[in-house]
Amino acid sequence: MSNERNTENLVRDKLRKLGYYDNECSTRVEEQKSETEAIKRLLKSASKTGKGGKGAPEFIISDSSTSDFLVVFECKADIKHHESSNRDDAVGFAVDGALHYAAHLAKEFNVIAVAASGQTKSQLKISTFLHPKGAAQAKELHTKSGKSINTIIPWSDYIEHGTFDPTIQALRHDELMAFSRELHDFMRDHAKLTESEKPLLVSGTLIALQNWAFVKSFDTYKPEDLQKQWFRVIKEEIEKADLPQAKKYNMTQPYSAIAVAPALGKPSDAKTAAKYPKGVLHELIKDLNEKVWPFISIYHDFDVVGQFYGEFLKYTGGDKKALGIVLTPRHVTDLFARLANVNKNSTVLDICAGTGGFLVSAMFHMIRHAVTKEEKDRIKRDGLIGVEHLPNMYALAASNMILRGDGKANLHQGSCFDPAIVKSLKEEHHCNVGLLNPPYSQSDEALHELVFVKQMLDCLEPNSVGIAIVPISCAISPHPMREELMRSHTLEAVMSMPTELFYPVGTVTCIMVWTAHKPHAESDKKTWFGYWKDDGFIKTKHRGRIDQYHRWEAIRDRWVEMFRNREVHAGESVLQKVTHTDEWCAEAYMETDYSYLGRPLYERTVKQFLLSRLLNEAIYDITDNESSDTEGE
């Protein structure tokens with residue numbers, strides 16, 4: 001006779017074999033109940049009968065290192081009771097019950113719900129689902145390659161597959177950005193740091209959290225000692241890196257000022273001492289450990305440091321205005337890697353590395369193509385080359401690469417025009433891909449955006465691809481560098497980008513794709529122009545531009561395919577022969593797609609025109625009246 005206890009024993013034995021019960025493991029397995037307050041509260045009215053009493057699945061698994069996830073198991077003895085046709089009988093069927101409990105717990109957790117039925121190892125049937133936090137319903141959980149999960153797997157595998165679900169990624173990104181805003185406000189009110197020091201505090205703490213001994217011990221230090229230990233561990237982690245001593249010094253130096261910031265030590269006022277008895281720095285480390293470290297340890301293609309820096313920049317006009325800093329959105333750094341078609345054999349150069357966003361995205365795609373350990377080691381050791389002039393930004397970029405265990409040895413701190421650095425780039429690194437977002441709006445003509453583009457191309461190997469995102473003025477306004485660029489390199493493509501791509505910064509941009517060291521006239525071919533004005537992102541009040549309706553992936557894939565095949569579509573793209581005197585943008589040559597010009601669009605355009613005329617006339621009337629009043633005085 002079938003017995004549900006047998007099914008539970010099969011599940012328990014498998015969990016034990018996979019290490020869930022090991023003493024050194026941080027995973028916690030609870031059966032039929034939970035001592036975690038949030039879980040207890042959510043299951044208080046989770047009875048499967050639907051009458052409002054308590055309820056609990058057979059197994060509830062959590063882990064402090066990934067605190068936003070739970071794995072729950074619901075068991076049934078007979079495989080006939082594995083799943084009902086409508087999944088609406090939580091009492092009688094394993095799948096139905098697992099989804100029932102997941103729906104209750106998903107109010108505050110991402111829940112992986114596992115249904116198990118059967119009496120023997122060979123008979124055991126497993127179905128696995130994911131209910132993202134706050135979502136209306138669950139869906140089947142698949143591996144990253146799209147396969148169903150029909151066996152019990154280690155905790156780390158559940159988390160890996162769960163975190164790469166698009167819904168979970170978007171949710172975690174939103175939570176991270178919300179936390180970055182909270183963190184900025186907290187540091188503004190309590191840490192008393194400059195805007196440029198805030199992201200350094202974040203990156204330094206993330207480096208320190210790589211040190212397991214520090215993670216275990218930071219809670220025990222007195223506030224006046226924690227700063228010293230924080231800086232000591234950062235130096236220790238940087239010292240471990242395979243770097244020349246001079247680079248280690250350049251990396252460490254920016255963190256030294258934070259290590260002695262008075263507000264991060266022992267609280268100086270009674271109010272702060274009462275609220276944060278262990279000090280402001282302790283609170284920051286604790287929050288970053290709980291809310292950011294799990295994210296950065298999983299999403300290796302995500303420039304967390306850059307995201308925080310970009311968020312902090314929104315609150316200051318100083319840095320970005322004075323230095324022309326316009327950080328590249330994450331979906332654009334990923335687009336660049338795809339347009340360049342980077343692979344395991346690429347050596348990628350960014351001469352204005354910033355926080356390392358282009359290198360992080362390129363590395364993700366390169367590693368994905370690598371098969372052997374030797375190929376991955378080559379990418380980490382030799383495949384990512386960066387130059388950054390600003391000391392603080394260099395420290396951020398280097399920390400970004402350290403957090404991924406690679407790339408930092410080939411980051412140069414200094415000007416990309418420095419002869420020694422240029423010599424190293426050309427003679428030692430032999431880069432075949434260049435990715436660039438240069439400083440914008442520099443008043444010095446010697447630092448015009450196209451000067452940086454030419455410098456990048458000059459540092460690449462012959463026939464390499466160089467891609468840059470620059471203000472649209474570079475493509476349409478006369479400048480001597482345009483002729484100089486074409487004299488040495490071929491303009492393959494220019495894409496007009498969304499007007500508000502860098503919102504809230506008002507720079508309108510385009511992407512230029514070049515082939516290095518091949519004169520444009522000698523190539524004797526047409527340039528491809530794309531009209532890429534709609535990336536699917538929309539503006540929101542508190543979150544900036546976001547892909548709210550999940551349109552970007554399909555748009556991106558179409559753009560990349562059109563570019564690679566040089567496809568021509570009315571209203572979207574065109575091929576045109578150009579010289580340095582012509583405009584380099586799709587708008588100048590593209591045919592209008594009249595199929596879109598229906599009556600509604602016509603009427604809307606006419607109304608906009610009339611409204612504009614009325615407003616202008618009203619303004620002129622006011623101006624004329626004011627002038628008349630002035631003349632009569």
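## A first look around the model

At 38% relative accessibility, Arg28 counts as partly exposed, because that value falls between the limits of 20% and 50%. The model you are looking at is a predicted one. Arg28 is a handy place to begin, as its side chain meets that of Glu30 in a salt bridge, with 3.3 Å from N to O. Glu30 itself is buried, its relative accessible area being 8%.

### Charged pairs

Side chains of opposite charge can pair when their charged atoms come close. How many salt bridges does a search of the whole structure find? The search finds 37. Three of these pairs are set out here.

| Pair | Closest N to O distance |
|---|---|
| Arg28 and Glu30 | 3.3 Å |
| Arg188 and Asp185 | 3.4 Å |
| Lys76 and Glu4 | 3.8 Å |

What does the salt bridge between Lys76 and Glu4 tie together? Lys76 belongs to strand β3 (residues 69-76) and Glu4 to helix α1 (residues 4-17), so their pairing ties together parts that lie 72 residues apart in sequence. Lys76 counts as buried, at 8% relative accessibility.

Arg188 and Asp185 are another story: both sit in helix α5 (residues 166-191), 3 residues apart, so about one helical turn separates them. Arg188 is partly exposed at 43% relative accessibility, and Asp185 is partly exposed too, with a relative accessible area of 29%. Elsewhere, salt bridges with shared partners join Glu4, Arg5, Glu8, Lys48, Glu74 and Lys76 into one network.

### A covered helix

Next comes helix α6, which takes in residues 197-208. Is α6 mostly covered or mostly uncovered? It is mostly covered, with 12 of its 12 residues buried. Among them are Glu197 and Lys198, as well as Leu200, Leu201, Val202 and Ile207. The length of α6 works out nicely as well: at 1.5 Å a residue, its 12 residues should span 16 Å, and the C-alpha atoms at its ends are 16 Å apart, which agrees.

### The sheet and its helices

Further along the chain, 9 strands form an open sheet with mixed pairing. To trace the sheet from one side to the other, follow the order β9-β8-β7-β10-β11-β13-β12-β14-β17. Its edge strands, β9 (411-413) and β17 (573-576), each pair on one side only. From one strand to the next, the twist averages 15 degrees.

Within this sheet, β10 (residues 433-436) and β11 (residues 465-471) run parallel and are joined by 4 bridges. If you would like one bridge to pick out, Gly434 has Gly466 in β11 as its partner. Helix α15 (residues 330-339) lies across β10, β11, β12 (490-496) and β13 (509-515), and runs at about 150 degrees to β11. Helix α16 (residues 357-369) also packs on the sheet, where it touches β7 (348-350), β8 (384-388), β9 and β10. The direction of α16 makes about 180 degrees with that of β8.

### Cysteines without partners

How many disulfides does the structure hold? The number is 0. Cys416 is in no disulfide, and the nearest cysteine sulfur, belonging to Cys352, is 4.8 Å away; a disulfide would need the two sulfur atoms within 2.5 Å. Cys416 is buried, at 4% relative accessibility. For Cys459, the closest cysteine sulfur is that of Cys416, at 7.6 Å, too far for a bond. Cys459 is buried as well, with a relative accessible area of 1%.

Note on methods. Residues numbered from 1 in each chain as written. Predicted model: local features only at pLDDT ≥ 70, side-chain atom pairs only at ≥ 80, totals over all residues. Heavy atoms only, no water. Helix = DSSP H or I, 4+ residues; strand = E, 2+ residues; numbered from the N terminus. Expected span 1.5 Å × (residues − 1). Buried < 20%, exposed > 50% of the residue type's maximum accessible area, 1.4 Å probe, protein only. Salt bridge = Lys/Arg side-chain N within 4 Å of Asp/Glu carboxyl O. Pairing = 2+ DSSP bridges. Axes fitted to C-alpha atoms, helices over the stretch in contact; angles between N-to-C directions. Contact = heavy atoms within 4.5 Å.
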